[in-house]
Amino acid sequence: MNFLTALVTFENLHEVRRLCHWGPVIALTVIAVCSSMAILDSIIWYWPLDTTGGSFNFIMLINWSVLILYNYFNAMFVGPGYIPLGWKPEKEEDTKYLQFCRMCQGYKAPRSHHCRKCNRCVMKMDHHCPWINNCCGHQNHAYFTSFLLLAPLGCSHAAFIFIMTMYTQLYERISFGWSTVKIDMSAVRRFQPIMPFSVPAFAATLFALGLALGTTIAVGMLFFIQMKVILRNKTSIEAWIEEKAKDRIQYYQTGEEFIFPYDLGRRWENFKQVFTWSGSPEGNGIQWPIHAKCHQHTLTIEQLKQKADKRVRSIQYRVVEDYNGACCPLSKGLNTFFRTPCTEEPRIGLHKGETILATRGTKWWMYGDKVLDDEQTKGMAPNMAEYQVNAKLSHLCTFFSNFAEENENFQTELLYSNLDYHPLFNVCGSILAFSGFIF
């Protein structure tokens, strides 16, 4: 098994620590409760040694448990695959189409994104899943999706066993009166099961039934979401990038046509990019088969356009009150405490007088960057800043200057083509051209 190979490899032994997290603890607890209760109840309801149906039912239960755990641990320990630290493309000229990751000190390959939880750039990153305490990406996408399919199927089977067990065990113990319903758990049944069905067993079965039904609904919905993007050869992040690309083109009326480069046209072809007989996905995580009208950097160029547009649209604020970075800061008021965003985005500690660049937010929280001397820190913070109206234009122009300085290998004409739809282009473009003299 792939996950066993990963475990016994000396340099990967530290991966076992992924189990020490609330996500895997809860997930494995639910699997253990549903599996063990389903096995015990199947013994009470349908003794496997009496009939062929009982034997088949019992074998299927064991089969579900093994397959679910196999795919779960593979998704966790095989991992998504990471871009090597300090990676750069073979052709030096391709760097102008890629984003540079300061944390990994290398360029982000197409379809890769930096995960703050894993602290690495992940190949074909879909999302960071707390239930496996790892990212879902290129190497483990098939295992993760298989787990999302098998878990609802196994829980549905377990829920059916729980219902049938309670029905058969309570049928002869329920008596109906004119205005009452009486359940006598001490009544002697006509056919005694191998194991007694007492009040604690009834309570445990009812609890397991709730877990099984809840898991079936919640995980089943996640499976359909994953399959929707897989059949289009996308990830959840790329689906969001495509949506923003369409909004950007429509908002600025640029007349561009954005074609998602990795959709091969046929769903079966897209499906085979993730699911293979060997268990290993297609590709090396860096080079990808693409649409005939696109090239390897179509999506990365769109990301650069969106990043530039995001920086242009960001609003500069000055912090007027200290904030220690707490997830639910009670000292900032009850509304800020109770309306804290349900996200794992880091909270940024702030001090009075500091500057932040907000890109989006609500009345109580804002998302953006904290401006430091040499870099910016991304995250969320309570809405406790005042808007710097006079600094807006200077910030826009400063951004273009910094963008040119930080991306020396980014050709000027590409930057112009990315930003020529902005109404302030003429002003900021002029300052950019002379940034070496003014700033």
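These are my notebook entries on a predicted model of one protein.

**Setup**

I number residues from 1 along each chain as its sequence is written. The model is predicted, so I take local features only at pLDDT of at least 70 and side-chain atom pairs only at pLDDT 80 or more, while totals for chains, interfaces and linings use all residues, and side-chain values use heavy atoms, without hydrogens and water.

**Overall counts**

I looked up the size of the protein and its burial. Of its 439 residues, 44% count as buried. Buried means under 20% relative accessible area, exposed means over 50%, and partly exposed lies in between (1.4 Å probe, protein chains only). The protein exposes about 23,900 Å², and carbon and sulfur atoms supply 61% of that area. Accessible areas come from the Shrake-Rupley method with a 1.4 Å probe; for residues, only the protein chains shown count as cover.

I then listed the secondary structure. The protein has 13 helices and 13 strands. Helices (H or I, at least four residues) and strands (E, at least two) are DSSP runs, numbered from the N terminus.

I also checked contact range. A contact means heavy atoms within 4.5 Å. Among contacts with a separation of 6 or more, 66% are between residues 24 or more positions apart.

**Annotated spans**

I pulled the UniProt annotation, from an unreviewed entry. It marks residues 25–47, 53–73, 147–167 and 201–225 as "transmembrane region". UniProt positions are in the numbering used here, feature names are shortened, and annotations may be inferred rather than shown by experiment.

I tested two of these spans against the coordinates. Residues 53–73 are 100% helix and 0% strand, with the end C-alpha atoms 30 Å apart. Residues 147–167 are also 100% helix and 0% strand, and their end C-alpha atoms lie 30 Å apart.

**Nonpolar cores**

I searched for nonpolar cores, meaning sets of buried Ala, Val, Leu, Ile, Met, Phe, Trp, Tyr and Cys residues joined through side-chain atoms within 4.5 Å. The largest has 25 residues. Tyr72, Ile132, Phe144, Phe147, Leu148 and Phe275 have the most contacts inside it. Two or more residues of this core come from each of α2 (22–45), α3 (52–77), α4 (141–170) and α5 (199–230). A second, separate core has 16 residues, including Met37, Ile44, Phe162 and Met166.

I followed Leu148 outward. Beyond residues up to four places away in sequence, Leu148 touches Val219, Leu222, Phe223 and Gln226.

**Two helices**

I took α4 next. Its 30 residues reach 44 Å from first C-alpha to last, close to the 44 Å expected at 1.5 Å a residue. The expected span is 1.5 Å times one less than the number of residues. α4 is mostly covered, with 21 of its 30 residues buried.

Helix α8 (residues 298–313) has 16 residues and reaches 23 Å, close to the 22 Å expected. I count 13 of those 16 residues as buried, so α8 is largely enclosed by the rest of the structure.

**Threonine 205 and aspartate 94**

Threonine 205 sits in helix α5. Threonine 205 is buried, at 0% relative accessible area. Past four places in sequence, threonine 205 is in contact with Met37, Asp41, Phe162, Met166 and Phe197. Its C-alpha is 9.0 Å from that of cysteine 34, 171 residues apart along the chain.

Aspartate 94 lies in the loop between α3 and β1. Aspartate 94 is buried, at 17%. Its contacts, leaving aside neighbours within four places, are Pro89 and His297. The C-alpha atoms of aspartate 94 and glutamine 296 are 9.8 Å apart, with their positions 202 residues apart along the chain.

**Strand pairing**

I traced β9 (residues 315–319), β10 (residues 355–361) and β11 (residues 365–371). Strands pair if DSSP finds at least two bridges between them. β9 and β10 run antiparallel over 4 bridges. β10 and β11 are antiparallel over 5 bridges, and they form a hairpin with 3 residues between them. Leucine 357 of β10 is the bridge partner of glutamine 316. Leucine 357 also has aspartate 369 in β11 as a bridge partner.

**Positive phi**

I scanned for backbone exceptions. Most residues other than glycine have a negative phi. Glutamine 105 has a positive phi of about 55 degrees. Glutamine 105 lies in the loop between β1 (100–101) and β2 (106–107), and is exposed at 52%. Glutamine 253 has a positive phi near 50 degrees. Glutamine 253 is in the loop between α6 (236–252) and α7 (267–272), and is exposed at 64%.
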